[in-house]
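Colleague: Hi! Could you walk me through this one? I'd like to start with the pockets.

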Amino acid sequence: MNSELPHNMPYRDDDEYVSRIVEQCTQQTLQKQYNYTHSKQKWVIAASIVSIVGCSAVALSILFQRLDNIKEMTQDSPLDTFLAELPDNETSMLTDYYIDDIPEY
Amino acid sequence: MDIIADDKTIVQMLIKPDLRETGFKMLTHKYGQRLYWHIRRIVVSHNDAEDVLQNTFIKIFSNISTFRGDCELLSWIYKIATNEALHLLRSHTRFFQSIDTLNYSLSEQLITETDLPPNAPEVLLQQALLKLPTQQRIAFNMRYFDNLPYEQIAEITGKNIGTLKTNYHYAVEKIATYITENSAL
């Protein structure tokens with residue numbers, strides 16, 4: 001059968017024409033891949049920036065939170081609270097006592 | 001691009017980022033036309049063949065790192081091209097419709113894309129092929145037009161060699177009958 005029937009296709013497209021089509025498709029593929037890679041790179045850079053900014057913001061907020069806690073702890077120490085609740089005269093007495101009680105060497 | 005490298009070199013080039021583009025151009029230079037005709041025989045329309053060729057190239061370029069070399073490069077790219085062509089044909093069908101139902105419209109498409117008279121041997125052969133089930137037609141094309149060995153066609157289609165040989169034999173009989181009946185018209 002192979003010798004009786006034609007092996008060529010019934011279209012007018014010659015080799016040169018098909019070669020051009022193949023070349024065109026090759027160029028388009030390379031261009032698409034280039035665009036895809038670059039847009040992917042842009043996304044990676046953007047995502048990195050967002051991550052860095054996000055992480056920094058979280059770290060800073062944790063830091064500020066800690067500082068606030070330290071400040072609150074310092075302000076609300078038991079001695080301060082105790083002294084704050086005492087009447088003025090008692091406070092001075094106590095302070096005086098402490099100061100007077102310190103021996104001098 | 002007149003250098004035709006062997007498949008192993010092309011694959012190695014495609015894997016290396018700095019040689020990828022050159023490797024890809026070599027691959028398309030070596031197999032591009034064959035791929036185009038393989039696709040065109042399945043989808044018939046030139047515009048569809050061009051789209052499928054483009055998608056095939058993109059798939060090859062994007063997935064070359066997954067090519068393990070268990071089969072020949074030609075088999076791998078033919079498999080991608082065949083799948084892409086079948087995917088396009090499926091997109092032309094409705095839900096649950098077989099792609100074989102497209103054969104009539106493909107046959108009409110063939111007439112519009114040729115300058116030859118309907119009883120020209122080339123046209124009659126293609127018309128006869130479009131009477132075959134799609135999978136059988138693809139296997140026949142690869143054996144008859146591309147001269148691929150049955151082992152390679154089996155790799156591409158995933159079919160048994162014995163089945164392919166039987167299908168080819170029946171396809172030849174059907175084609176001969178069709179041409180005998182229609183060439184005198």
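Colleague: How do the residues of the lining of the second largest pocket divide into nonpolar, polar and charged?

Modeller: Happy to help! Keep in mind that this is a predicted model. The lining of the second largest pocket has two nonpolar, six polar and two charged residues.

Colleague: What volume does the second largest pocket have?

Modeller: Its volume is about 180 Å³. Ten residues line this pocket, and those closest to its centre are A:Ser19, A:Val22, A:Glu23, B:Thr28 and B:His29.

Colleague: Which element gives the most to that lining?

Modeller: That is α1 of chain A, which gives five residues to the lining of the second largest pocket. Both α1 of chain A and α2 of chain B supply at least two residues there.

Colleague: And the largest pocket, what's its volume?

Modeller: The largest pocket comes to about 340 Å³. It is lined by 14 residues, with A:Gln33, A:Tyr34, A:Thr37, B:Arg20 and B:Phe61 the closest to its centre.

Colleague: Where does the largest share of that lining come from?

Modeller: From α1(A), with ten residues in the lining of the largest pocket. Here α1 (15-75) of chain A and α2 (20-43) of chain B each supply at least two residues. Sorted by class, the lining of the largest pocket holds five nonpolar, six polar and three charged residues.

Colleague: Okay, new topic. Which residues touch the most other members in the largest nonpolar core?

Modeller: Those are B:Val43, B:Leu53, B:Leu73 and B:Ile175, in a core of 73 residues. Helix α4 of chain B, residues 73-91, contributes the largest share of this core, eleven residues.

Colleague: What is B:Leu53 in contact with, leaving aside neighbours within four places in sequence?

Modeller: B:Leu53 has contacts in both chains: A:Ile21, A:Val22 and A:Cys25 in chain A, plus B:Gly32, B:Leu35, B:Tyr36 and B:Ile39 in chain B. You have met A:Val22 already, among the residues closest to the centre of the second largest pocket.

Colleague: I spotted A:Cys25 in there. Is it buried or exposed?

Modeller: A:Cys25 is buried, because its relative accessible area is 0%, and buried means under 20%.

Colleague: And why does B:Cys71 count as partly exposed?

Modeller: Because B:Cys71 has a relative accessible area of 25%, and partly exposed lies between 20% and 50%.

Colleague: Last one: how many disulfides are there over all chains?

Modeller: Zero, from a search of the whole structure. As background, a disulfide is a covalent bond that joins the sulfur atoms of two cysteines.

Notes. Residues numbered from 1 in each chain as written. Chains lettered and ligands numbered in written order. Predicted model: local features only at pLDDT ≥ 70, side-chain atom pairs only at ≥ 80, totals over all residues. Heavy atoms only, no water. Disulfide = S-S within 2.5 Å. Buried < 20%, exposed > 50% of the residue type's maximum accessible area, 1.4 Å probe, protein only. Core = buried A, V, L, I, M, F, W, Y, C linked by side-chain atoms within 4.5 Å. Helix = DSSP H or I, 4+ residues; strand = E, 2+ residues; numbered from the N terminus. Contact = heavy atoms within 4.5 Å. 1 Å grid on protein atoms, 1.4 Å probe; cavity = no way out; pocket = protein on both sides within 12 Å on 5 of 7 lines; lining within 4 Å. Points joined across faces, edges and corners; volume = space filled by probe spheres on them. Nonpolar A, V, L, I, M, F, W, Y, C, P; charged D, E, K, R; others polar.
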